[in-house]
Amino acid sequence: MMMLVVRWNTDKGRDSLQSYPCRNTRKDGPQSNVLVRGCVGYCALGGGRCCFELVRALADSEAGDNALKRLRCSTNAEELRTSDIIIEAIVESEDVKKKLFSALDKITKPSTILASNTSSISITRLASATGRPRQVIGMHFMNPPPIMKLVEIVRGADTSDETFMTVKSLAERFGKTVICSHDYPGFVVNRILMPMINEAFFTLYTGVAAKEDIDVGMKLGTNQPMGPLELADFIGLDVCLSIMKVLHTGLGDSKYCPCPLLVQYVDAGRLGRKRGIGVYTYGKVLYKSRL
Ligand SMILES: NC(=O)c1ccc[n+]([C@@H]2O[C@H](COP(=O)([O-])OP(=O)(O)OC[C@H]3O[C@@H](n4cnc5c(N)ncnc54)[C@H](O)[C@@H]3O)[C@@H](O)[C@H]2O)c1
């Protein structure tokens with residue numbers, strides 16, 4: 001299970017705060033994002049697995065050593081009771097996220113900010129699962145978080161200025177550049193990125209070009225570090241499909257209709273790098289029964 005959680009002790013001062021986002025890439029374990037902060041990093045529901053990549057990434061550094069000492073993993077959400085801010089990063093499903101937000105609303109103290117790393121789901125609707133819509137906000141880290149400079153902050157219909165300013169300064173203390181989006185499907189980045197990825201699937205589906213030609217064409221032709229199909233594998237094809245569905249339903253325009261090839265790959269369990277197979281094949285393929 002996975003959750004990106006920050007427990008934030010504001011009294012320790014700015015200099016003691018650092019962030020070490022990382023991703024669990026264990027083949028046999030679930031994907032986990034961990035954000036460890038200088039004072040008390042607190043990753044809930046990770047079952048300890050989330051430490052794996054962190055240990056590897058930071059093994060040689062003193063800063064990493066110190067960060068590890070501040071990291072706690074737990075499968076007991078009750079331990080989040082005293083957290084100041086919680087950043088949820090579970091599966092991109094509105095129903096599942098709403099259930100978690102509703103549970104966190106009951107567990108946490110009234111002042112806790114509940115942030116979501118969602119790529120596309122309405123913050124306003126997630127907030128409606130809680131009794132604290134003023135303290136619910138989107139905090140969308142780009143993948144991979146240690147490298148990508150951007151955090152897209154999404155204000156729900158009732159998000160307060162105070163919540164926005166707190167989350168903005170937190171992201172800036174992580175060394176990130178912040179943009180602010182209103183709460184409409186896909187926000188800014190995925191509203192533009194996902195239709196491009198979907199179009200790359202249509203280009204492949206309709207036989208215009210081979211996958212390698214599509215990716216090399218976009219990489220060298222538009223100066224992007226990854227081609228769109230390669231990027232889709234990196235993000236996860238299920239996540240891409242889920243975002244396209246949100247755009248299609250939320251904006252009601254047929255131009256957002258997911259490409260049948262993307263749908264078929266997800267149906268087949270070809271979810272991208274995390275399963276060893278997507279548009280491309282990577283090492284050992286992990287098919288998982290969804291029954
Ligand atoms: N993949 C990306 O590139 C990317 C980039 C930015 C933001 N995000 C967002 O981050 C979130 C996670 O994305 P991902 O690609 O890691 O998704 P994923 O589907 O690969 O992983 C989701 C994880 O959540 C766990 N999970 C499911 N229900 C849970 C629950 N109730 N409590 C705790 N854990 C639960 C699953 O076991 C799984 O390990 C999504 O909201 C996604 O939109 C993803």
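**Exercise 1. Locate P144 and describe the peptide bond that joins it to N143.**

Solution. P144 sits in the loop between β8 (136-141) and β9 (150-155). Strands here are DSSP runs of E with at least two residues, and helices are runs of H or I with at least four, both numbered from the N terminus. Now look at the bond itself: N143 and P144 are joined by a cis peptide bond, with omega about 0°.

Before going on, a word on the model: residues are numbered from 1 along each chain as its sequence is written. It is a predicted model, in which local features need pLDDT of at least 70, side-chain atom pairs count only at pLDDT 80 or more, and totals for chains, interfaces and linings use all residues.

**Exercise 2. Work out the strand order of the open sheet, then find its edges.**

Solution. Start with the order: five strands run β6-β7-β8-β9-β10 in an open sheet with mixed pairing. Next, the edges: β6 (85-88) and β10 each have a single partner strand, so one side of each is left without a neighbour in the sheet. From one strand to the next, the twist averages 30°; such angles run from 0 to 180 degrees between N-to-C directions, with axes as lines fitted to C-alpha atoms.

Then zoom in on one pair. Two strands pair if DSSP finds at least two bridges between them. Strand β7 (residues 113-116) and β8 are parallel and are joined by three bridges. L114 stands opposite V136 in β8. As a reminder, strands of a sheet pair through backbone hydrogen bonds, either parallel or antiparallel.

**Exercise 3. For F187 and N223, give the sign of phi, and decide for each: buried or exposed?**

Solution. First the rule: a residue is buried if 20 or more other C-beta atoms lie within 10 Å of its own, exposed if 12 or fewer, and partly exposed in between, with C-beta atoms placed from the backbone.

Take F187, in the loop between β10 (177-182) and α6. Its phi is positive, about 55°, although F187 is not a glycine. F187 is buried because 25 other C-beta atoms lie within 10 Å.

Now N223, in the loop between α7 (211-222) and α8 (228-235). Phi of N223 is near 60°, again a positive value in a residue other than glycine. N223 has 7 other C-beta atoms within 10 Å, so it is exposed.

**Exercise 4. Place F202 and classify its exposure.**

Solution. F202 belongs to helix α6 (residues 189-205). With 15 C-beta neighbours inside 10 Å, F202 is partly exposed. Finally, the C-alpha atoms of F202 and L262 are separated by 8.6 Å, although the two residues are 60 residues apart along the chain.
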